[in-house]
Amino acid sequence: MRNILFTGIAALSLLSLAPLAPAMAGSIDTGGLSVTHGGGNANTARGSFSTAGQGTTTIGGAAYGHGRALTYGGGNQNLASGYLSNAQQDTTTIGGTAFGRGRATTFGGGNRNVASGYLSNAQQDTTTVGGTAFGRGRATTFGGGNRNLASGYLSDAQQSVTTLGGQAYGRGQSLVSGGYNSNRATGHFSQADQQVLTVGGATHGRELVSGGRNRNAATGFGSSASQSVTTLSGQ
Amino acid sequence: MSLSSFVFPVLALFAALPALAQETGGMSLRGPAAMLERIEQLQPGCRLSQTSVTIGVNRASGAHSQARQDLLTMAPGGCRPLVSTQVVAGANLGLGPGSNAEQSIQAYGPRGLLATTAYTRGYNLAAGPRSTAQQRLLNQIGR
């Protein structure tokens with residue numbers, strides 16, 4: 001949880017610098033379309049006693065003048081399937097500021113973390129920062145749809161998903177969704193821990209927040225499943 | 001109605017569609033004046049479009065083998081193209097028993113005046129017993 005708060009604070013500090021960008025960049029200085037794609041990565045530890053570590057960082061841009069900023073950091077897969085294997089995945093995607101009736105769309109969800117091997121360990125950390133739209137803009141943030149599964153005997157699966165987006169200034173629209181997550185511990189004496197933090201909001205206009213439809217289940221003998229889903233909006 | 005009176009308008013329509021598509025395709029010009037102003041900001045000698053693709057494949061397939069790959073791509077500074085595209089993709093495979101595969105890919109590029117696209121994709125696999133695979137990808141667009 002401390003890791004989540006740290007990444008959240010660091011990302012919020014980056015967002016707080018966003019209004020300074022036009023002054024640094026000039027009046028009409030940058031383009032109207034910014035696409036930042038850092039997701040869709042796969043990390044697999046398949047062999048026995050194997051270790052797989054993956055870190056992906058994508059830092060993209062801003063869009064001015066009827067701009068459209070698309071940030072995609074989700075859709076990652078982390079799998080530890082070997083005996084006593086260890087898979088660690090860290091994905092950070094930063095992008096997405098749209099000025100002037102802009103649209104800022106941020107997608108950080110749709111991640112999958114699985115520890116299926118005997119005594120395996122899978123850790124996944126996904127941070128996506130995007131989505132600030134000025135001037136009757138529309139900011140859409142989706143950080144949910146994540147799946148965390150510990151199916152191996154004595155396996156351990158830990159998933160942390162942080163999605164920051166959705167500031168729409170000046171009669172804008174802000175849509176935030178952090179739900180539809182699944183956390184399951186099906187192996188004997190397995191552990192599954194899932195933490196999902198989705199932060200959006202901050203608009204004077206219309207706002208829609210959805211954080212529901214989450215599932216948490218410990219079905220294995222002696223298994224343990226803990227789930228924490230936080231969806232923040234409405235500042 | 002004769003056949004020719006039907007065929008010629010249809011052929012004329014098919015001939016007109018590509019021209020129409022060329023006029024309406026691409027980026028929407030909601031502010032043509034601002035768009036032209038941005039295009040005029042293109043410095044002489046700078047490219048209209050700049051695409052950077054960095055792809056690495058790193059594989060350690062022998063028993064107790066080691067494979068290390070470092071890739072760095074940097075675009076020349078000072079020039080901002082109209083459209084900037086930067087792609088980073090890597091595959092890192094530790095296949096042999098006791099093998100070690102390390103991959104690092106870094107790419108730095110300018111932001112486009114009109115549009116910027118950054119795309120990163122990684123595949124990391126430790127398949128051999130006691131194998132290790134470490135992958136680091138960094139795709140950064142200048143602010």
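The exercises below walk through a predicted model of two chains, each with a worked solution.

Residues are numbered from 1 along each chain as its sequence is written, while chains are lettered from A and ligands numbered from 1 in the order in which they are written. Because the model is predicted, local features need pLDDT of at least 70 and side-chain atom pairs count only at pLDDT 80 or more, whereas totals for chains, interfaces and linings use all residues, and side-chain values use heavy atoms, with hydrogens and water left out.

**Exercise 1. Describe the two chains by their elements, burial and surface.**

Step 1: begin with the elements, where helices (H or I, at least four residues) and strands (E, at least two) are DSSP runs numbered from the N terminus. Chain A has two helices and 22 strands, and chain B has two helices and six strands, which follow the order α-α-β-β-β-β-β-β from the N terminus on.

Step 2: turn to burial, where buried means under 20% relative accessible area, exposed over 50%, and partly exposed in between (1.4 Å probe, protein chains only). Of the 235 residues of chain A, 54% count as buried; of the 143 residues of chain B, 38% do.

Step 3: add the accessible areas, which come from the Shrake-Rupley method with a 1.4 Å probe, only the protein chains shown counting as cover for residues. Chain A exposes about 9100 Å², with 54% of it supplied by carbon and sulfur atoms, and chain B exposes about 8100 Å², with 61% supplied by those atoms.

**Exercise 2. Work out which strands pair with β5 of chain B.**

Step 1: recall that two strands pair if DSSP finds at least two bridges between them.

Step 2: within chain B, strand β3 (residues 83-94) runs parallel to β5(B) and is joined to it by 12 bridges, with Leu93(B) having Leu125(B) as its bridge partner.

Step 3: across the chains, strand β1 (residues 33-37) of chain A pairs in the parallel sense with β5 (residues 115-126) of chain B over five bridges, and here Thr36(A) is partnered by Ala118(B).

Step 4: strand β2 (residues 42-45) of chain A also pairs with β5(B) in the parallel sense, over four bridges, and Thr44(A) stands opposite Leu125(B).

**Exercise 3. Describe the surroundings of Gln227(A).**

Step 1: Gln227(A) lies in strand β22 (residues 224-232) of chain A, and its relative accessibility of 26% is why Gln227(A) counts as partly exposed.

Step 2: list its contacts (heavy atoms within 4.5 Å). Leaving out residues up to four places away in sequence, Gln227(A) touches Asn181(A), Ser182(A), Asn183(A), Gln194(A), Asn214(A), Arg215(A) and Asn216(A). Asn183(A) is 44 residues from Gln227(A) in sequence, yet their C-alpha atoms are 6.6 Å apart in space.

Step 3: look for polar contacts, meaning a pair of N or O atoms within 3.5 Å, where within protein one must be able to donate a hydrogen and the other to accept it, and residues adjacent in sequence count only if both atoms are side-chain atoms. The side chain of Gln227(A) makes such a contact with the side chain of Gln194(A) at 2.8 Å, and the side chain of Gln227(A) also reaches the backbone oxygen of Arg215(A) at 3.2 Å.

**Exercise 4. Place Leu119(A) in the chain and state how exposed this residue is.**

Step 1: Leu119(A) is found in the loop between β10 (112-115) and β11 (121-129) of chain A.

Step 2: the relative accessible area of Leu119(A) is 31%, so Leu119(A) is partly exposed.
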